[in-house]
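Me: I've got a model open and I keep tripping over the labels people put on it. Can we go through a few of them together?
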Amino acid sequence: MSESIRPFRIEVPQAAIDELRARLDRIHWPDEAPGVPWAYGTSLAFMREFIDDWRRRYNWRATEAQLNAWPQFKTRIDGIDIHFLHVQGSGPKPMPLLLSHGWRRSERSSARSEAAAGPSGIHAFGLSLSK
């Protein structure tokens with residue numbers, strides 16, 4: 001392995017999770033915009049439910065463990081750290097496949113595709129578009 005590619009594990013400090021939950025507890029909710037929900041942005045009811053899920057039900061440590069089950073790496077390109085997952089394929093000549101994600105999709109959902117690709121003779125690379 002090149003020195004420019006290094007293994008990576010997600011390890012969010014508990015203090016950061018606690019601080020996020022505290023900030024979510026202090027949200028000052030606006031009034032719903034008049035008219036049809038979603039006409040002028042996110043539905044207030046949806047956003048309240050979404051935030052409540054993060055505050056009360058979401059288990060970051062379980063998600064972190066799921067993500068850390070995948071082989072993850074970082075490399076620096078043009079001064080920017082790039083995070084990626086790499087699931088190696090089997091067979092004599094595995095074909096490379098680059099999986100990327102955008103908004104509303106994450107490396108977590110790409111990892112499911114990579115899991116299927118690995119045993120099928122495809123080298124799957126999941127590029128993360130976040131820090």
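Reply: Sure, starting with the surface: the chain's accessible area is about 9,400 Å², and 59% of that belongs to carbon and sulfur atoms. Such areas come from the Shrake-Rupley method with a 1.4 Å probe, and for residues only the protein chains shown count as cover. This is a predicted model, where local features need pLDDT of at least 70 and side-chain atom pairs count only at pLDDT 80 or more, while totals for chains, interfaces and linings use all residues. Numbering runs from 1 along each chain as its sequence is written, and side-chain values use heavy atoms, with hydrogens and water left out.

Me: Why is Thr-75 called buried?

Reply: Buried means under 20% relative accessible area, exposed over 50%, and partly exposed in between (1.4 Å probe, protein chains only). Thr-75 has 11%, so it's buried.

Me: And why is Phe-46 called partly exposed?

Reply: Its relative accessible area is 41%, which falls between those two cut-offs, so partly exposed it is.

Me: What is Thr-75 in contact with, leaving aside its neighbours within four places in sequence?

Reply: Contact means heavy atoms within 4.5 Å. On that basis Thr-75 touches Ser-4, Ile-5, Arg-6, Ile-80, Asp-81, Ile-82 and Phe-84. The Thr-75 side chain also reaches the backbone oxygen of Ser-4 at 2.8 Å.

Me: How much of the chain counts as buried?

Reply: Of its 131 residues, 27%.

Technical notes. A polar contact is a pair of N or O atoms within 3.5 Å; within protein, one must be able to donate a hydrogen and the other to accept it, and residues adjacent in sequence count only if both atoms are side-chain atoms.
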